[in-house]
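Here is a short report on one protein model. It covers salt bridges, aromatic rings, one helix, two strand residues and some backbone angles.

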Amino acid sequence: MSLTVVASQAAPLAIDAPRELFEQACSAMLTKTPDGGMLVFPEMHLFADGQPDRARTKAYQQAAEPLDGPRVTWLRQLAAGLGVWLVPGTVCERGPSGELFNTALAIRPDGEVAATYRKIFPWRPLEPFTPGQDFAVFDVPGAGRMGLCICFDSWFPEVSRNLAWLGAKMIINVVKTTTPDRPQEMVMARANAIVNQVNFLSVNAAAPVGRGLSAFFGPEGETLAEIGDDAPADMVCEVSTQRVRRARAEGTAGVTRPWAFFHSGDQPVELPAYGGRIDPTRWNRD
C-alpha cells in the first residue's frame, strides 16, 4: 500500500488573503493529481507579512489564534470537504498562557486533527516563537507512521532521531528558508533520511520569498522527487513503508543496519550532553 503526497513549493499567502486563494490552490493540486491523498505546504504558508515578507513579530502576534479558533476550524472543514490529509504548513498558535508558537498541523480526511507540533528550534534571534517541547507522530493508513518537524529543526539530528525512534517511517519537514544556506539544508535532509532509514520530505517556500529546492528522499538517501530551483511548482511523492522496511532489513546499500546494531546484552551508552542514555534493550526498530 502507498499514499500519493502532493507537496506545494509556493510563495506564502498574505495573512489577510481571502481564504478562497488557499482553497483554490488545494483544488488545483488535486485536479492535476486526482489520486493525491495528502497535500503539504511550506512553513508559515498562510502568514506572509507584506511584499516583501517582513515577518514582523507584531503581525504574527495579531494573527495568532488558539488551535480551536476560526483558522484551524476552517482548515479542518477544508480537509474534510476535499477528503484528503492536509498539512497546511504552520500556523501562529496562541498558547494557553499567551505564548506565540509556530505550530504544524496534520489534519485527517474526516477533518479531525491527527497531530500538532510546536517548533522546538525557532531560528533565533530572529523568530519570536516560544520553543515547543514535544515530538509529534501520527498514523496514516497505507503509508505508516509520520512525524512532523519544522525548518531549523532539521539542523538538530536529535529531532529526526526521536521521530524515527517513536516509529515514524516518514518525516515531513515544512520549511520557509529565505537564506542562502538552503543547499546545506538539502545535505542535512538527505543525511536525516540515511541515518534514520526513513523517508524524508522537505518542502520549502518558493521565490520571491523562499529559496525553493524542495525534495523527497528515500531511506537510503535516494532522491525520489525534487524541485531543483526556487520557482513555484508541485512535487508528487509516492510514500510507501515497504521501502523503509527493505532498507532496515537488508541494510542501506545492502550493507548497513543501524537500527539492528545493539545486542540485548550490551551495556547502555551514557549521553552526558543530554543527561540520558541509549538503552540497547529499547533500541531496535523494525
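## Terms and basis

Buried means under 20% relative accessible area, exposed means over 50%, and partly exposed lies in between (1.4 Å probe, protein chains only). Helices (H or I, at least four residues) and strands (E, at least two) are DSSP runs, numbered from the N terminus.

This is a predicted model: local features need pLDDT of at least 70, side-chain atom pairs count only at pLDDT 80 or more, and totals for chains, interfaces and linings use all residues. Residues are numbered from 1 along each chain as its sequence is written, and side-chain values use heavy atoms, with hydrogens and water left out.

## Salt bridges

Side chains of opposite charge can pair when their charged atoms come close. A salt bridge here is a side-chain nitrogen of Lys or Arg within 4 Å of a carboxyl oxygen of Asp or Glu. The structure holds 12 of them. One joins E43 to K119, with the closest N and O atoms 3.0 Å apart. E43 sits in the loop between β2 (38–40) and α2 (57–63), and K119 in the loop between β6 (113–118) and β7 (137–140), so the pair ties together parts that are 76 residues apart in sequence. Are these two residues buried or exposed? E43 counts as buried, at 2% relative accessibility. K119 is also buried, at 1%. E127 joins E43 and K119 in a network of salt bridges.

R76 and E112 form another salt bridge, at 3.2 Å from N to O. This pair also links distant parts of the chain: R76 is in helix α3 (residues 70–82), E112 is in the loop between β5 (100–107) and β6, and they are 36 residues apart. R76 is partly exposed, with a relative accessible area of 30%. E112 is partly exposed too, at 37%. R277 and E270 meet in a salt bridge at 2.7 Å, N to O. E270 counts as partly exposed, at 47% relative accessibility.

## Aromatic rings

Rings of Phe, Tyr and Trp (its six-membered ring) pair if their centres lie within 6.5 Å; planes under 30 degrees apart count as stacked, over 60 as edge-to-face and the rest as tilted. The structure holds 10 aromatic pairs. In one of them, the ring centres of F152 and W155 are 5.8 Å apart and the planes are at 50°, so the pair is tilted. F152 is buried, at 18% relative accessibility. W155 is partly exposed, at 32%. Both belong to one aromatic cluster with F121 and F156.

Two arginines sit over rings (CZ of Arg, or NZ of Lys, within 6 Å of the ring centre and within 35 degrees of the ring normal). The charged end of R118 is over F101, 3.9 Å from the ring centre. That of R161 is over W259, 5.2 Å from the ring centre.

## Helix α5

Helix α5 has 15 residues (182–196). The expected span is 1.5 Å times one less than the number of residues. For α5 this gives 21 Å, and the end C-alpha atoms are 21 Å apart, which agrees. Its buried residues are R182, E185, M186, M188, A189, N192, A193 and N196. They fall within an arc of 165° seen down the axis (taken from the directions from the helix axis to the C-beta atoms), so they line one face of the helix.

What covers this face? The cover of the buried residues includes α4 (157–165), β10 (199–203), β11 (215–217) and α6 (241–250). Just after α5, Q197 takes a positive phi of about 50°.

## Two buried strand residues

V40 is found in strand β2. V40 counts as buried, at 0% relative accessibility. Contact means heavy atoms within 4.5 Å. Leaving aside neighbours within four places in sequence, V40 contacts residues including V5, V87, I172 and L201.

E93 lies in strand β4 (residues 90–94). E93 is buried, with a relative accessible area of 4%. Not counting residues up to four places away in sequence, E93 touches F101 and R118, among others.

## Backbone angles

Most residues other than glycine have a negative phi, and most peptide bonds are trans. The bond from R124 to P125 is cis, with omega near 15°. P125 is in the loop between β6 and β7. The bond from A207 to P208 is also cis, with omega near 10°.

M44 has a positive phi, near 55°. M44 lies in the loop between β2 and α2 and is buried, at 2% relative accessibility. L213 has a positive phi near 60°. L213 is in the loop between β10 and β11, as is P208.
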